[in-house]
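Here's an informal walk through one structure. Have the viewer open and follow along.

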Amino acid sequence: MSSNSFGKLFTVTTFGESHGPAIGCVIDGCPPGLAIDESEFRTDLDRRATGKSRHTSQRREADDVEILSGVYEGKTTGTPIALLIRNTDQRSKDYGDIASTFRPGHADYTYWQKYGIRDPRGGGRSSARETTMRVAAAVIAKKWLAERYGVRVRGYLAQLGEIAPEGFDWEAVEQNPFFWPHAAQVPQLEKAMDALRKSGDSVGARVNVVADGVPPGWGEPIYGKLDGDLASALMSINAVKGVEIGDGFAAVAQHGSQHRDEMSADGFASNHAGGILGGISTGQAVIASMALKPTSSILIPGHSVNLAGEPVEVVTKGRHDPCVGIRATPIAEAMMALVLIDHALRHRAQCGDVGEVKPRLP
Ligand code: EPS
């Protein structure tokens with residue numbers, strides 16, 4: 001299977017299946033000299049992990065990272081960094097029925113059509129388990145971006161089904177299991193998720209991700225646009241069906257006089273562009289949003305076919321997320337961070353000598 005690598009200068013290759021012995025990644029191109037310790041992976045891996053609340057999959061993986069290479073005496077050496085996480089809580093028998101049929105709305109069918117063979121246990125390679133390694137790789141990316149440029153990447157759940165935030169506070173985001181930015185609505189979310197779980201159905205979601213501190217100049221025209229790479233990176237996350245940068249699809253109904261971000265010596269007056277013009281960062285916050293479809297593995301019976309093409313009714317057992325969006329915030333942050341570190345290194349490689357160009361807006 002090809003296309004398991006991501007990035008041009010900071011390259012991440014992931015491997016492994018949801019029910020195999022382990023998942024892992026190799027990061028090539030990480031700058032040398034960055035202090036990194038296995039314990040630093042804990043926070044983000046826990047933020048993404050299953051089993052942290054009753055509203056997500058109850059599979060309980062330890063998600064302990066082993067650094068196999070590329071780090072010596074606590075610092076990156078510039079050589080490939082290999083990270084490994086052993087799978088510790090598979091329950092493969094749940095997938096006996098899936099082996100001979102296809103879940104409607106799941107990659108089961110397309111993997112089968114493409115390869116003529118698939119690992120049906122937990123969806124194999126198509127399981128969101130793979131995103132663990134993106135989050136692990138991004139721990140390194142986030143740390144380097146923060147130390148070198150003061151870049152901070154943060155995300156939040158911006159819609160759960162029909163429910164949208166009625167207030168906004170970054171402080172609230174890390175204090176509830178939904179990454180929701182308005183604490184007063186958390187009981188409403190709990191109630192909605194409890195009812196959904198009881199019904200056996202699933203629901204979609206929107207996740208927003210914002211990078212502060214990105215200097216102007218990152219991103220390349222024409223085929224290496226920062227927004228193009230961000231869209232590709234976010235779209236590569238399981239279940240993502242839409243990506244917006246800045247105002248995104250709302251731009252359709254806007255006028256130029258409304259959408260443009262006017263400039264003065266005090267800076268930009270607004271940020272409809274999402275911090276990117278012509279595929280290159282403006283120096284404002286880089287803002288992206290993604291839509292996640294409702295999980296296809298649900299308890300509501302649905303029509304499908306078996307391997308012989310005969311009609312069957314599918315009910316998916318196993319430990320699934322009734323809303324994959326609830327765990328997607330750290331994954332969106334990870335993909336944003338991986339795109340940004342790659343473009344930081346690419347900008348430094350080609351344009352490092354250009355330095356700061358006047359006028360630079362605050
Ligand atoms: C997932 C289904 C469940 C989740 C899994 C994502 O597991 P399985 O692969 O056993 O079906 O628990 O998430 C994780 C294991 C994880 O670490 O994120 C799916 O269908 O994507």
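## Starting at Lys143

Let's start with a side-chain pair: Lys143 and Glu40 make a polar contact through their side chains at 2.8 Å. Keep in mind that this comes from a predicted model. The Lys143 side chain also has a polar atom 2.7 Å from the backbone oxygen of Ala35. Setting aside residues up to four places away in sequence, Lys143 touches Leu34, Ala35, Ile36 and Glu40.

Where does Lys143 sit? Lys143 is in helix 3. From its C-alpha to that of Ala195 is 39 Å in space, and the two residues are 52 apart in sequence.

## Another residue of helix 3

Arg148 also belongs to helix 3, which runs over residues 131-149. Is Arg148 buried, exposed or partly exposed? Its relative accessible area is 43%, so Arg148 counts as partly exposed, given that this class lies between the 20% and 50% cut-offs.

If you want a long distance to check in the viewer, try Arg148 to Gly96: their C-alpha atoms are 49 Å apart, with their positions 52 residues apart along the chain.

## The ligand and its shell

Now for the ligand. The shell around it has 14 residues, and those that come nearest are Ser18, His19, Ser57, Arg59 and Tyr95. Sorted by class, the shell holds seven polar, five charged and two nonpolar residues.

Three polar pairs are worth bringing up on screen. Ser18 places a polar side-chain atom 2.4 Å from a ligand oxygen. For Arg129, a side-chain N or O atom is 2.7 Å from an oxygen atom of the ligand. Gly122 takes part through its backbone, with an N or O atom 3.1 Å from a ligand oxygen. How much of the ligand does the protein bury? On its own the ligand exposes 460 Å², and the protein buries 94% of that.

## The loop between helices 4 and 5

Gln185 is in the loop that links helix 4 (170-173) to helix 5 (186-199). With a relative accessibility of 2%, Gln185 counts as buried, because the cut-off for that class is under 20%. The Gln185 side chain makes a polar contact of 3.0 Å with the side chain of Trp180. Leaving out neighbours within four places in sequence, Gln185 is in contact with Ile163, Ala164, Pro165, Glu166, Gly167 and Trp180.

Phe179 is in the loop between helix 4 and helix 5 as well. Its relative accessible area is 6%, so Phe179 is buried too. Phe179 has a backbone quirk: a positive phi of about 60°, although it is not a glycine.

## More backbone oddities

Ser3 is another non-glycine residue with a positive phi, about 65°. Ser3 is in the segment before strand 1 (5-6). Is Ser3 buried or exposed? At 72% relative accessibility, Ser3 counts as exposed.

There are cis peptide bonds to look at, too. One joins Pro221 and Ile222, with omega about -10°; Ile222 is in the loop between strand 9 (205-212) and helix 6 (226-235). Another runs from Lys358 to Pro359, where omega is near -10°, and Pro359 lies in the segment after helix 8 (329-351).

## Zooming out

So what does the whole protein look like? The protein contains eight helices and 17 strands. Its C-alpha trace spans about 65 × 50 × 40 Å along the principal axes. The radius of gyration is 21 Å, which agrees with the value near 21 Å for a compact globule of 362 residues.

Of those 362 residues, 48% count as buried. The exposed area of the protein is about 17000 Å², and carbon and sulfur atoms supply 54% of it. As for how the chain connects with itself, take the contacts between residues at least 6 apart in sequence: 70% of them join residues at least 24 apart.

Key:
Residues are numbered from 1 along each chain as its sequence is written. This is a predicted model: local features need pLDDT of at least 70, side-chain atom pairs count only at pLDDT 80 or more; totals for chains, interfaces and linings use all residues. Side-chain values use heavy atoms; hydrogens and water are left out. A residue is near a molecule or strand if one of its heavy atoms lies within 4 Å of it. A polar contact is a pair of N or O atoms within 3.5 Å; within protein, one must be able to donate a hydrogen and the other to accept it, and residues adjacent in sequence count only if both atoms are side-chain atoms. Accessible areas come from the Shrake-Rupley method with a 1.4 Å probe; for residues, only the protein chains shown count as cover. Ala, Val, Leu, Ile, Met, Phe, Trp, Tyr, Cys and Pro count as nonpolar, Asp, Glu, Lys and Arg as charged, and the others, Gly among them, as polar. Helices (H or I, at least four residues) and strands (E, at least two) are DSSP runs, numbered from the N terminus. The radius of gyration is taken over C-alpha atoms; the globule rule is 2.2 Å times the number of residues to the power 0.38. Buried means under 20% relative accessible area, exposed over 50%, partly exposed in between (1.4 Å probe, protein chains only). Contact means heavy atoms within 4.5 Å.
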